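Dear colleague,

I am handing over the structure that we talked about, and below it you will find my notes on what turned up when I went through it. Please keep it open while you read, so that you can follow each point on the screen.

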Amino acid sequence: MAELRWHPLIKDWIMIAGNRQGRPQMPKDYCPFCPSFGNVPEYEVMEYGNDFPALSQTPPEPDDVATDFFKVKPSYGKCEVILYSPGHTVTMPELSDSHMKKLVNLWCERFQVISSDEKIKYVFIFENRGDVVGVTMPHPHGQIYGYSFLPKKLELETNAAKEYYGEKQACLFCDMLNNELEENRRIIFKNEHFTVFLPFYCEYPYGVYIMSNRHVPYITDFTEPERESLGLTIRDTVGMLDSLFDYRFPYMMCMHNAPVNSGDFSKDFHFHIEFFPPMRSADKQKFNASSETGAWANCNPTCPEETSQELREAYKRYKENKS
């Protein structure tokens, strides 16, 4: 069973992927992403086809469950794994400048390849890190999904950006970044090309954003110096989070590019990265309970101005330890 089913109450497609339920338990002390086990060749960074994809460019026909009311369509799309390093226990903050540049170039290459399929409407680069967010494979890696539809959150975000541009002839994200810089209470660190900050409205205690200082809608729009800077900024953000409580900090990292094959977003959409770390302190998890899950009414149990200071101090420790 692998198909898309229409959710009429929120006007969004839901991926039904029964094939993923049958994923086998990996043998102890075996990793399919380590070259030493023979499943992958030697590499520095590498794209790996997902063995149990929720989406496929050759999807099966949907089950015979559709009616005049209930809509289904094939689970068309693409699911890829991006291997960050051949080292099984390597963390991103340990990767060199040149290694991070290769990783960013691979993200850009795969974004371009997946976007070339005109049936794909959104390319989502992301990473899940840590047991607490359900990661079963500790080897350093992320993923890329290519959707044949625009997921609801991204639809809301792109619509808000277009509406704002229509009213003010300005980019919503640029104005938000400029206001954060002017306020300067939630800025964590910045460099020539990117700014890392806790947004005014952040939903998670340590839910930092990375936003490009220059207005570009896609990761593939960055210059070579910007790509190099993006890799270092992501690496330093993860290092900062690891320094916060002195352990490998769990998170979900989500890259927001403009939609693809869906019109012109060059003026109103702005590349940025959103982090969703599930911890609210060193030993307490922030759970998405009924309000957050059932009503989409998020509640941050901390004050962004105070947690920003915590993060600035963690960033300082990380840089001191790295030097």
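In this predicted model, 9 strands make up an open sheet, and following the strands across it gives the order S3-S5-S7-S6-S11-S12-S10-S9-S8, with antiparallel pairing. At the two edges lie strand S3, which covers 46–49, and strand S8, which covers 187–190, and each of these pairs on one side only. If the direction of the strands is ignored, neighbouring strands of this sheet are turned by 20 degrees against each other on average.

Within this sheet, strand S7 (residues 141–147) deserves a slower look. On one side, strand S5 (residues 77–83) is joined to S7 by 7 bridges, and the two run antiparallel; here glycine 77 stands opposite tyrosine 147 of S7. Strand S6 (residues 122–129) also pairs with S7 in the antiparallel sense, in this case over 5 bridges. Among the residues of S6, tyrosine 122 has tyrosine 147 in S7 as its bridge partner, while phenylalanine 126 has glutamine 143 in S7 as its bridge partner.

You may ask how strand S7 sits in the rest of the structure: 7 of its 7 residues are buried, so the strand is largely enclosed by what surrounds it. As a general point, the side chains of a regular strand alternate between the two faces of the sheet. In S7, His141, Gln143, Tyr145 and Tyr147 point one way, whereas Gly142, Ile144 and Gly146 point the other way, and all of them are buried.

There is also an open sheet of 3 strands, in the order S2-S1-S4, and its pairing is antiparallel. Its edge strands are strand S2 (12–17) and strand S4 (72–74), each of which pairs on one side only. Neighbouring strands of this sheet are turned by 35 degrees against each other on average, again with direction ignored. Strand S1 (residues 2–7) is joined to S2 by 6 bridges, and these two strands run antiparallel; one of the pairings to look for is that of histidine 7 with aspartate 12, its bridge partner in S2.

Next come the internal spaces. When the whole structure is searched, 1 cavity of 30 Å³ or more is found, and the space in the largest cavity comes to about 50 Å³. The residues that line the largest cavity are Pro199, Cys202, Glu203, Tyr204, Gly207, Tyr209, Phe275 and Phe276. Sorted by class, this lining has 6 nonpolar, 1 polar and 1 charged residues.

Finally, a word on the cysteines. A disulfide is, in general, a covalent bond between the sulfur atoms of two cysteines. How many disulfides does the structure hold? The number is 0. Cysteine 254, to take one example, is in no disulfide, and the nearest cysteine sulfur, which belongs to cysteine 79, is 15 Å away. Cysteine 254 is buried, because its relative accessible area of 12% falls under the 20% that serves as the cut-off for that word. Cysteine 303 is likewise in no disulfide, and the nearest cysteine sulfur, that of cysteine 202, is 8.8 Å away. With a relative accessible area of 30%, cysteine 303 is partly exposed.

With best wishes

Note on methods: Residues numbered from 1 in each chain as written. Predicted model: local features only at pLDDT ≥ 70, side-chain atom pairs only at ≥ 80, totals over all residues. Heavy atoms only, no water. Disulfide = S-S within 2.5 Å. Buried < 20%, exposed > 50% of the residue type's maximum accessible area, 1.4 Å probe, protein only. Pairing = 2+ DSSP bridges. Helix = DSSP H or I, 4+ residues; strand = E, 2+ residues; numbered from the N terminus. Axes fitted to C-alpha atoms, helices over the stretch in contact; angles between N-to-C directions. 1 Å grid on protein atoms, 1.4 Å probe; cavity = no way out; pocket = protein on both sides within 12 Å on 5 of 7 lines; lining within 4 Å. Points joined across faces, edges and corners; volume = space filled by probe spheres on them. Nonpolar A, V, L, I, M, F, W, Y, C, P; charged D, E, K, R; others polar.
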